[in-house]
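Subject: Handing over a structure

Dear colleague,

I am passing this structure on to you, and I would be grateful if you looked through it beside the notes that follow.

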Amino acid sequence: MGEFWPVPDVLAYLAGQWQVRRTVRDLAGGDEGSFDGTTVFGPLRGGGLLHEESGTFVWRGVARPAERTLRYLPGPARGTADVRFADGRPFHGLDLTTGRCVADHPCSADLYRGEFTVRDEDRWRTVWRVRGPAKDLVLTTDYTRVG
């Protein structure tokens with residue numbers, strides 16, 4: 001098998017609980033931070049998954065609780081997902097049928113470019129590169145299935 005692990009159905013693959021480790025690097029200022037926590041992909045009424053992430057974010061030596069919620073809805077093609085913010089606004093599409101996906105999300109003057117890679121049935125990674133007038137960040141997140 002190649003470097004990436006193909007996922008025929010992204011929603012079935014993601015369902016369950018994942019340990020999350022994220023590094024955040026500010027390339028302009030040189031600061032680095034981290035996030036440690038869990039993400040649960042649970043059933044969403046009407047189809048899809050509710051992504052609920054919670055943990056501790058450390059930035060410039062200060063630890064604080066952090067959380068976020070996303071909605072993963074069935075995508076336009078079989079096995080894909082339409083990722084949305086908690087309030088329903090579009091975020092990006094997600095197609096992991098080859099084990100890898102690149103997605104863009106323009107946000108005001110910034111561009112978020114995410115690369116999603118699946119290593120095996122229990123490990124996947126996202127790398128978001130954020131560029132804009134006031135941002136130059138790399139966010140790398142490793143997910144490991146719990147249980």
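To begin with one pair of strands, E1 and E10 run antiparallel to each other and are joined over 9 bridges; within this pairing, Trp18 has Arg145 of E10 as its bridge partner. Please keep in mind throughout that the model is a predicted one.

That pair belongs to an open sheet of 10 strands, which follow one another in the order E6-E5-E4-E3-E2-E1-E10-E9-E8-E7 with antiparallel pairing. The edges of the sheet are E6 and E7, each of which pairs on one side only, and from one strand to the next the twist averages 20 degrees. As general background, the strands of a sheet pair through backbone hydrogen bonds, in either a parallel or an antiparallel way.

Strand E10 also holds Thr140. Is this residue, Thr140, buried or exposed? Thr140 has a relative accessible area of 16%, and because the cut-off for buried is under 20%, it counts as buried. Leaving aside residues up to four places away in sequence, Thr140 touches Arg21, Arg22 and Thr23, and also Arg125, Thr126 and Val127.

The next finding concerns empty space. The largest pocket has a volume of about 560 Å³, and among the 27 residues that line it, those closest to its centre are Arg68, Phe91, Tyr112, Trp128 and Leu139. Which strands supply at least two residues each to the lining of the largest pocket? They are E1, E3, E4, E6, E7, E8, E9 and E10, and the largest share, 5 residues, comes from E4. Sorted by class, the lining is made up of 17 nonpolar, 5 polar and 5 charged residues.

Finally, two loop residues deserve a look at their backbone angles. Most residues other than glycine have a negative phi. Arg60, in the loop between E3 and E4, is not a glycine and yet has a positive phi of about 55 degrees; Ser108, in the loop between E7 and E8, likewise is not a glycine and has a positive phi of about 55 degrees. As to accessibility, the cut-off for exposed is over 50%, so Arg60, with a relative accessible area of 59%, is exposed, and Ser108, at 80% relative accessibility, counts as exposed on that cut-off too.

With best wishes

Technical notes. Residues are numbered from 1 along each chain as its sequence is written. This is a predicted model: local features need pLDDT of at least 70, side-chain atom pairs count only at pLDDT 80 or more; totals for chains, interfaces and linings use all residues. Side-chain values use heavy atoms; hydrogens and water are left out. On a 1 Å grid over the protein atoms alone, a cavity is a set of points where a 1.4 Å probe fits but cannot get out, and a pocket is an open set with protein on both sides within 12 Å along at least five of seven lines; lining residues have an atom within 4 Å of a point. Grid points are joined across faces, edges and corners, and a volume is the space filled by probe spheres set on the points. Helices (H or I, at least four residues) and strands (E, at least two) are DSSP runs, numbered from the N terminus. Ala, Val, Leu, Ile, Met, Phe, Trp, Tyr, Cys and Pro count as nonpolar, Asp, Glu, Lys and Arg as charged, and the others, Gly among them, as polar. Two strands pair if DSSP finds at least two bridges between them. Axes are lines fitted to C-alpha atoms, for helices over the stretch in contact, and angles run from 0 to 180 degrees between N-to-C directions. Buried means under 20% relative accessible area, exposed over 50%, partly exposed in between (1.4 Å probe, protein chains only). Contact means heavy atoms within 4.5 Å.
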